[in-house]
Amino acid sequence: MRGTTIKLGLRSRLVIGGRYPRLNKHTSYFHLHLFPPPPWSAGQPQANIYLGRRAGRLASIIVSHYSSSRARHCGMTRSTGPEGLEPMPLVIVQGFLGNTGRWLWGDFERHLNRDLKSTPRRTIFVSVGPVSSLHDRACELYYSLLGGTVDYGEEHSTTHKHARYGRNIGLGQYPEWSPSRPLHFLGHSIGGPTIIKLQSLIKQGHFGPSAHPKMIVSVNAVSAPFRGTQAVYILGERPDAAPAVNPLSVGALVGKGVHILSFLSPLLPRVFDLHGDCRSLTYRDISVLSLLKQLWKSDWAESRDATPFDVTFQAADERELMGEGDVEPETFYQSHVARMTQRSRSDQFGAHTPSLRHIMSPFLYILSRLLCTFDYSNLQPPPSFLTQRAPARSVPDGDSIMGDEYWANDGVVPIFSQWHPLPCGRTRCRHFGPVAPELVEYTDNDYHRDRVTPRPGIWCVNWQEEDANHMSLLPLWTGTSRQRRFWEQLGRWLLAVDKAFVH
Ligand SMILES: [Zn+2]
Ligand SMILES: [Zn+2]
């Protein structure tokens, strides 16, 4: 199934396709997007029109004619992807509890498209489970783009005791997605590992032989917990018995809120959509007594198939042992690292404290302080970075301590985890800027050359955002010079990748 995108104007776009197999082999479809979409649409198409074979063919001819004559009059072009004139679209994958879409992300497109005024890059917000596991989110991401019924896989659904099939998306947001029509991806926070999981599932053949890892032309991550974060233990996950959650903790409270929202979800607006379809948790599926049982001990929040467990060091180690996170030779990778802490003047051995200016974000400030003083030795099983590598530094009394990268953080994620999946020695990476002094091998000139001519199959870990917290770049748009610069640089880099892909 392939669709053709036709731009009708700056604010609308029509996707036309034929023989949509998941609906009916004789069904044609029209799929209308408005740009920017209304806030209630959460990135979904604003209209889906399905037609029979003959009516669909006739309507396609009329719209194609309308579009081409309009293109001639307005100087617009038919979208043909990387081989043509329109830049490859950017898919945005939001983080934990993030399902807001454009109304929170704001006016970033003006800066993203600073160098692309005549043909702006299309951005696609996808709605995936805001508290779901990486596996479930990746499956929902795939079908959100291509359309059809979400299939979590037989083995996964049996292991984790939920239905194999989720919701029927209908028509996806980019039905033409394929190795020759790839997409850029940007993930904030857990959106980053979600994209890596998607690429890994594609590689494993989870979505069938037509899917190929090079359908993801670039991965762009901001403050992503690729290798886990100690924040999840501070918020309630048991350090010695994950995925169990301490009953009197923030995490337990969030888990209860998730169940109450899921129970009421048929009555709630889409922004509260928790994608719990495959778990049958609404008042239509379960009794109040069953809800109370879930509030006492959650089968979802306290399972290995939910976001909290997936951001533990244990889960990250398990993924890495399976080879997840290996770079694909044809994909371009970059990460953006944020840090809101500084090394304490009184402690020369790596202790960090958050900068006082972040006290205006009290939750992040307090969490950051706790991340800085976290006791890694309580973790069971011990994380691989404690057992498999030599400690970064030694102190005079013979003890050893870990490097700054395990303490410096953005209020949610330590910086070593924001770099990329896998340890530096087990992947291909280039670090720029003062990320960790022993890793900086590259100069200003190298950095600028990489920006102009990006290289595939290697992580480009960008200059660290100093004095920046987990929310400074994304998702809340406040129009700061840091945010404007980020989007402009991202726009330029994506354009350079577009060119590298074509050549
Ligand atoms: Zn699942
Ligand atoms: Zn590295």
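User: In which loop is Leu422 found?

Analyst: Happy to help! This is a predicted model, where local features need pLDDT of at least 70, side-chain atom pairs count only at pLDDT 80 or more, and totals for chains, interfaces and linings use all residues. Residues are numbered from 1 along each chain as its sequence is written, while chains are lettered from A and ligands numbered from 1 in the order in which they are written. Helices (H or I, at least four residues) and strands (E, at least two) are DSSP runs numbered from the N terminus, and Leu422 is found in the loop between α14 (415–419) and β17 (429–431).

User: Is Leu422 buried or exposed?

Analyst: A residue is buried if 20 or more other C-beta atoms, placed from the backbone, lie within 10 Å of its own, exposed if 12 or fewer, and partly exposed in between. Leu422 has 22 C-beta neighbours inside 10 Å, so Leu422 counts as buried.

User: What is the phi of Leu422?

Analyst: Most residues other than glycine have a negative phi. Leu422 is not a glycine, yet its phi is positive, at about 70°.

User: Which residue of β10 is the bridge partner of Leu186?

Analyst: Two strands pair if DSSP finds at least two bridges between them. Strand β9 (residues 183–188) runs parallel to β10, joined by six bridges. In β10, the partner of Leu186 is Asn220.

User: And which residue of β11 is the bridge partner of Asn220?

Analyst: β10 also pairs with strand β11 (residues 332–336) in the parallel sense, over five bridges. There, the bridge partner of Asn220 is Gln334.

User: How are α4 and α6 oriented to each other?

Analyst: Two packed helices are described by the angle between their axes and the distance between the axes. Axes are lines fitted to C-alpha atoms, for helices over the stretch in contact, and angles run from 0 to 180 degrees between N-to-C directions. Helix α4 (residues 134–146) and α6 pack at about 75°, with axes 8 Å apart. Angles under 35 degrees count as roughly parallel, over 145 as roughly antiparallel, 65 to 115 as roughly perpendicular and the rest as oblique, so α4 and α6 are roughly perpendicular.

User: Which residue does a cis peptide bond join to Gln380?

Analyst: Most peptide bonds are trans. The bond from Gln380 is cis, with omega about -5°. Its partner sits in the loop between α12 (362–372) and α13 (384–387), and that partner is Pro381.
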